[in-house]
Amino acid sequence: MNLVKMQLACLSVLVFIAANYFLENHHHKIIFRGKLSFAELKRLRNHMTNFQQILRLGFLYIIFDILSVLTVNNPELIHSPVNYIVHWIFLSSLDMILYSLFIYIMKITGFYPANKTKKFFIWLPLVMGIIFVAIMTPNLKFITGNTTNYSMGGAAYTAFILAGLCILSSIIIFARRFCYINAHKRILIIIFLFILLLTTTIQAIFPESLISSLGMTLSILAIYLNEDNPAMKKLSKFHKEMTNGFANVVENRDENTGGHIRRVTAYVSLLVDELRLRENYRNIMTSDWIDNIEKAAPMHDVGKISIPDSILQKPGKLTDEEYEIMKTHTTKGAELIKKSFKNLDNEDYTKMILDVALYHHEKWNGKGYPKGLSGYSIPLSARIMAVADVFDAISQKRCYRDAMPFNKCFEIISSGRGTDFDPEITDVFISLRPIIEQICTDFREE
């Protein structure tokens, strides 16, 4: 039992993580049941599936790490076939969990492909590795060490070579995509990659050390704290509710019940989920980028708080002078965000809110405001918001006109392709028409 004290301690940590994770997510399912959009539910399920897979493989690896130590140190009690099967599962689970961590890095950095053929070739090395380990496991040699017996041979070498390739590939991808990950998350990812590299290297060089389980456990803990920490979830939920509350105050001045915020955010989420499947957006739209734009979307019109009610609620066409005042809501919003979010420990999110508030009225042809930006010089987040915001403005009843029919709304969006809006984003938006109409109907203003 002394030989597996570390593994048992690691197993206890995983039990604690799993208990907290499943209790918290069960609580979130109850809270958000019926309140999340299709896109948000899909992404939440995918995210939960990713972490659950890593967690399950963590349990599998540590359990069979314990069993492999017990079987190799008690050969007189364990039949050889059982010993070989245990070692095959142990070595295979090592590669499976490290491969899952590698896939995790690919997904959070936007490197994981959407194409099924590419996915097949990404997973192929793992399948081949498990097969090779199975073929070579019967040739394992069980060596007597100073503190414990251990196994050596082609199966072990194959498993550790594939493990090393997974870790090195993860480090390379993370380094290449470093700037697309939120600054406050980078340190934990660096720590868990360093721990994986260090513990796997030590385990490969000194097989008696038995510390690989420690590396796996600390890595899973880092991911949990990075993505699924209940305290961070509650803080994020509180921040989101506060932001939405602030945005609702602004919208209500415009005699809006808050449906505008829900619809626009849903349109943005839908657009992003579709765009990220395309090669030229996949590398930009990491999980952090998507999270930031969904939290930033409600704040796009925050500058309207500085616009007089006589202009904001005018039941008719604005004069040229009034329109110029209305246009200042973009710059006023940017100023407000700079003051309100200057101490927020998330520079990427702050920039996203700033871009959305300041540039969502810029036009593809350069004839928008406030800066007259054109084409790709307009931040991607603002180009997405522009389409969503205009569609919502024309599809809902306002104090100065009735809501336009869906056909007319989509005609206006289509006619703005390449002049007002990014052509590709426009095409994607129009292709999602059935879902957009449903969202619009579900949250229509009375």
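**Chat about two neighbouring helices and the cysteines**

Modeller: In this predicted model, the axes of helix H18 (residues 423-431) and helix H19 (residues 433-442) come within 5 Å, crossing at roughly 70°.

Biologist: OK, so how are H18 and H19 oriented to each other?

Modeller: Angles from 65 to 115 degrees count as roughly perpendicular, so H18 and H19 are roughly perpendicular to each other.

Biologist: Which residues meet there?

Modeller: From H18 you have Phe429, Ile430 and Ser431, and they meet Arg433, Pro434 and Ile436 of H19. By class, that contact has four nonpolar residues, one polar and one charged.

Biologist: Switching topic: how many disulfides does the structure hold?

Modeller: Zero.

Biologist: Hmm, what about Cys440, how far is its sulfur from the closest cysteine sulfur?

Modeller: That one is in Cys409, 7.0 Å away, which is too far for a bond. A disulfide here needs the two sulfur atoms within 2.5 Å.

Biologist: And is Cys440 buried or exposed?

Modeller: Cys440 is buried, since its relative accessible area is 0%. Cys10 counts as buried too, because its relative accessibility is 4% and the cut-off is under 20%.

Biologist: Zooming out, what's the secondary structure of the chain?

Modeller: The protein chain has 19 helices and two strands. Of its 446 residues, 50% are buried.

Biologist: What about the surface, how much does the chain expose?

Modeller: About 21,400 Å², with carbon and sulfur atoms supplying 63% of that.

Biologist: Last one: what share of the contacts join residues at least 24 apart?

Modeller: It's 72%, counting contacts between residues at least 6 apart in sequence.

Definitions and conventions. Residues numbered from 1 in each chain as written. Predicted model: local features only at pLDDT ≥ 70, side-chain atom pairs only at ≥ 80, totals over all residues. Heavy atoms only, no water. Axes fitted to C-alpha atoms, helices over the stretch in contact; angles between N-to-C directions. Helix = DSSP H or I, 4+ residues; strand = E, 2+ residues; numbered from the N terminus. Parallel < 35°, antiparallel > 145°, perpendicular 65-115°, else oblique. Contact = heavy atoms within 4.5 Å. Nonpolar A, V, L, I, M, F, W, Y, C, P; charged D, E, K, R; others polar. Buried < 20%, exposed > 50% of the residue type's maximum accessible area, 1.4 Å probe, protein only. Areas by Shrake-Rupley, 256 points an atom, 1.4 Å probe, with all protein chains shown as cover.
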